[in-house]
Amino acid sequence: MKFGTKAIHAGLEPDPSTGAIMTPIFQTSTYVQEGVGNHKGYEYSRTHNPTRSALEKNLAALENGKFGACFGSGLASIDCIIKMLNPGDEVVSTNDLYGGTYRLFKTIFEKYGLKFHFIGMQNAADIEKYMNERTRLIWVETPTNPMMNIIDIEACAKLAKKYKAWLAVDNTFATPYLQRPIDLGADIVMHSVTKYLGGHSDVVMGALVVKDEKIAAEMYRIQNSTGAVCGPMDSFLVLRGIKTLHVRMQRHCENGTEIANYLAKHPKVDRIYWPGFENHPNHDIAKKQMSGFGGMISFTLKGNKIEDALAVVAKVKVFSLAESLGGVESLIGHPATMTHASIPKAEREKSGLVDSLVRLSVGIEDVDDLIADLEQALK
Ligand SMILES: Cc1ncc(COP(=O)(O)O)c(C=O)c1O
């Protein structure tokens with residue numbers, strides 16, 4: 001099946017008891033057994049729940065993996081990956097990554113004897129310098145938040161294989177519609193389902209997809225043992241959201257392209273970070289590994305004044321000033337004072353995250369209204 005058909009049908013069957021076409025919300029903690037151990041595959045909802053199972057199968061199909069697992073948040077799914085490692089193991093991670101992932105690695109797991117190397121990965125050849133026989137995992141986020149840096153997934157997969165390590169890719173920004181890391185050699189794909197997969201800003205959830213049976217067994221053992229699962233109502237909402245993922249992503253890409261081109265001509269805009277531009281670093285790799293460039297765009301203002309950026313985010317009317325991304329509605333944010341405020345100024349400026357940087361999550365409204373809104377806000 002092709003992507004759009006899989007988004008609507010993969011892993012889903014009409015409910016056998018009623019014929020309901022939509023997977024029911026199995027709002028139950030337990031399942032009656034006819035005799036001890038004689039059950040229909042479900043014993044307790046931490047371990048398995050039919051609504052969650054349907055979503056896990058659907059996600060595995062969309063990522064061209066074999067096994068999916070859903071969690072209470074994106075961070076809970078990353079937590080599951082790191083719990084597969086042992087004290088003394090090393091992780092080579094991109095240094096331009098979601099701040100919450102950095103906080104999890106640094107403040108939760110370092111004290112259990114894991115070693116994290118945070119490095120620039122734009123040039124894949126630099127990664128090998130940090131790899132050795134203790135390296136168990138390469139952690140990649142591409143495109144990154146908010147600088148939209150692109151990392152070569154295929155090159156990282158080759159390196160991971162050479163050192164018998166795993167490659168895990170946070171595919172939140174691209175979604176499987178635009179990028180399928182398992183096809184490029186990754187071992188684990190991770191999502192903040194909260195974003196484009198849910199797509200309607202009404203759920204917090206995470207997911208992992210893998211192909212290898214041994215990794216899957218560990219993933220399910222940890223999912224069940226630590227219990228950071230999502231509920232059936234949220235699973236239902238995401239199943240419903242995913243049915244339009246391909247249509248939404250198409251429109252996010254179209255609107256993203258128009259807005260990036262509009263900003264490129266605006267006299268007050270200085271730099272634009274969007275992987276679709278030929279002069280964007282690693283644009284060729286983005287073209288190779290993504291089938292579109294998405295609706296996440298960051299830009300800076302000429303003069304680089306924080307007050308100018310704050311005025312823009314205050315003046316918008318169709319865009320909403322908020323954290324998060326990937327919903328149908330357009331959002332605007334100021335990373336230096338919002339999502340990345342915890343990073344010291346000197347440190348964040350090294351990667352280009354300056355005071356006037358504004359981040360857009362371009363939604364699927366009529367693009368003319370979005371451009372008119374930016375026009376009046378930039379005046
Ligand atoms: C790229 C990326 N990865 C992971 C996360 C964490 O996901 P969650 O907020 O669902 O825990 C986020 C959240 O913003 C994110 O943007």
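**Cysteines, cores and a covered strand**

Student: Why is the sulfur of Cys70 not in a bond with the closest cysteine sulfur?

Tutor: The closest cysteine sulfur, in Cys230, lies 4.9 Å from that of Cys70, too far for a bond. A disulfide is a pair of cysteine sulfur atoms within 2.5 Å. This is a predicted model, in which local features need pLDDT of at least 70, side-chain atom pairs count only at pLDDT 80 or more, and totals for chains, interfaces and linings use all residues. Residues are numbered from 1 along each chain as its sequence is written, and side-chain values use heavy atoms, with hydrogens and water left out.

Student: What about Cys80: how far away is the nearest cysteine sulfur?

Tutor: It is 11 Å away, in Cys70, and Cys80 is in no disulfide.

Student: How many disulfides does the structure hold?

Tutor: Zero.

Student: Why is Cys70 called buried?

Tutor: Its relative accessibility is 0%. Buried means under 20% relative accessible area, exposed over 50%, and partly exposed in between (1.4 Å probe, protein chains only). So Cys70 counts as buried.

Student: What makes Cys80 buried?

Tutor: Cys80 has a relative accessible area of 1%, so Cys80 is buried too.

Student: Which residues does Cys70 touch?

Tutor: Leaving out residues up to four places away in sequence, Cys70 touches residues including Arg52, Leu55, Leu59, Met205 and Cys230. Contact means heavy atoms within 4.5 Å.

Student: What makes a set of residues a nonpolar core?

Tutor: Its members are buried Ala, Val, Leu, Ile, Met, Phe, Trp, Tyr and Cys residues, joined through side-chain atoms within 4.5 Å. The largest one here has 41 residues. Cys70 is among those with the most contacts inside it, as are Leu55, Leu59, Met205, Val238 and Ile242.

Student: Which elements supply at least two residues of this core?

Tutor: Among them are α2 (50–62), β7 (206–210) and α8 (232–242). Helices (H or I, at least four residues) and strands (E, at least two) are DSSP runs, numbered from the N terminus. α2 gives the most to this core, with five residues. A second, separate core has 28 residues, including Trp139 and Leu208.

Student: How do you know that β7 is mostly covered?

Tutor: Five of its five residues are buried. Gly206, Leu208 and Val210 are buried on one side, Ala207 and Val209 on the other.

Student: Which strand pairs with β7 over five bridges in the antiparallel sense?

Tutor: β1 (residues 67–71) does, with Phe71 opposite Gly206. Two strands pair if DSSP finds at least two bridges between them. Strand β6 (residues 188–192) is also joined to β7, running antiparallel, by five bridges. There, Val189 partners Val209.
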